Amino acid sequence: RWEGDASGNVTAVTVTMNSNKNITAVFKKIYTLTTSVSPAGSGSVSPGSGTYDDSSTVTLTAIPASGYRFDRWEGDTSGNVTAVTITMDSNKSVTATFVKISP
């Protein structure tokens, strides 16, 4: 965002120089979340991969495909509950692991 004698959150701003101006560009740190499933086709993670602001929290939910059940989280989170919340304080990589249900 822009502060001072400019405002808004677009990357470019036009300023009319009819007096001295004091303008500050404020940047946010963002991190990348990469999600995957194992084995391929066994389910999905919601939300999927994306970028998030520093210190934001993301609740991930493991969704099994037909014939599978959720087993565990691997990578930058762990546990065996289907929904977990992570804090985006660095780039994160998370895998939802599913197992085939025996007929």
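Buried means under 20% relative accessible area, exposed means over 50%, and partly exposed covers what lies in between. The model used in these exercises is a predicted one.

**Exercise 1. Place three residues, A25, V81 and T77, in their elements, and classify each by its relative accessible area.**

Step 1. A25 is found in strand β2, which covers residues 23–25. Its relative accessible area is 35%, so A25 is partly exposed.

Step 2. V81 belongs to the loop between β7 and β8, and because its relative accessible area is 47%, V81 is also partly exposed.

Step 3. T77 is found in the loop between β7 and β8 as well, but with a relative accessible area of 13% T77 is buried.

Step 4. To set these residues against the whole, note that buried residues make up 21% of the 103 residues in the protein.

**Exercise 2. List the contacts of A25, V81 and T77, leaving aside residues up to four places away in sequence, and give a C-alpha distance where one is available.**

Step 1. A25 touches R1 and W2 once those sequence neighbours are set aside. A25 and G4 are 21 residues apart in sequence, while their C-alpha atoms are 9.1 Å apart in space.

Step 2. V81 is in contact with F70 and W73, again without its neighbours within four places. For V81 and D71, the separation is 10 residues in sequence and 8.2 Å in space, from C-alpha to C-alpha.

Step 3. T77, treated in the same way, is in contact with V84, I86 and V94.

**Exercise 3. Describe the overall architecture, and decide whether the protein is a compact globule or more spread out.**

Step 1. Counting the secondary structure gives 0 helices and 9 strands, and from the N terminus on the elements run β-β-β-β-β-β-β-β-β.

Step 2. The radius of gyration is 21 Å, whereas the globule rule gives 13 Å for 103 residues; the value is well over that of the rule, so the protein is more spread out than a compact globule.

Step 3. The box filled by the C-alpha atoms, taken along the principal axes, is roughly 75 × 20 × 15 Å.

Step 4. Turning to the contacts between residues at least 6 apart in sequence, 46% of them join residues at least 24 apart.

**Exercise 4. Work out which residues and strands build the largest nonpolar core, and then follow the contacts of L60 and K92.**

Step 1. The largest nonpolar core has 15 residues, and the members that touch the most other members are L33, L60, W73, I86 and A96.

Step 2. At least two residues of this core come from each of the strands β3 (30–38), β6 (57–64), β7 (68–75), β8 (83–87) and β9 (92–100).

Step 3. Apart from neighbours within four places in sequence, L60 is in contact with L33, T35, V45, S46, P47, W73, T82, A83, V84, I86 and V94.

Step 4. K92 has its place in strand β9, and K92 is buried because its relative accessible area is 15%, which is below the cut-off of 20%. Beyond the residues up to four places away, K92 touches T32, L33, T34, D76, I86 and T87.

**Exercise 5. Describe the largest pocket by its volume and by its lining.**

Step 1. The space in the largest pocket comes to about 230 Å³.

Step 2. Its lining consists of R1, W2, N9, V10, T11, A25, V26, F27 and K28, so that A25 from the opening exercise appears here again.

Step 3. Sorted by kind, the lining residues divide into 5 nonpolar, 2 polar and 2 charged.

**Exercise 6. Find the backbone features that depart from the usual pattern, and say where they lie.**

Step 1. Begin with the usual pattern: most residues other than glycine have a negative phi, and most peptide bonds are trans.

Step 2. The peptide bond from S38 to P39 is cis, with omega near -10°, and P39 lies in the loop between β3 and β4 (43–46).

Step 3. Another cis peptide bond joins S46 and P47, with omega about -10°; here P47 has its place in the loop between β4 and β5 (50–53).

Step 4. S55 is not a glycine, yet its phi is positive, at about 75°. S55 is found in the loop between β5 and β6.

Technical notes
Residues numbered from 1 in each chain as written. Predicted model: local features only at pLDDT ≥ 70, side-chain atom pairs only at ≥ 80, totals over all residues. Heavy atoms only, no water. 1 Å grid on protein atoms, 1.4 Å probe; cavity = no way out; pocket = protein on both sides within 12 Å on 5 of 7 lines; lining within 4 Å. Points joined across faces, edges and corners; volume = space filled by probe spheres on them. Nonpolar A, V, L, I, M, F, W, Y, C, P; charged D, E, K, R; others polar. Core = buried A, V, L, I, M, F, W, Y, C linked by side-chain atoms within 4.5 Å. Buried < 20%, exposed > 50% of the residue type's maximum accessible area, 1.4 Å probe, protein only. Helix = DSSP H or I, 4+ residues; strand = E, 2+ residues; numbered from the N terminus. Contact = heavy atoms within 4.5 Å. Rg over C-alpha atoms; globule rule 2.2 N^0.38 Å.
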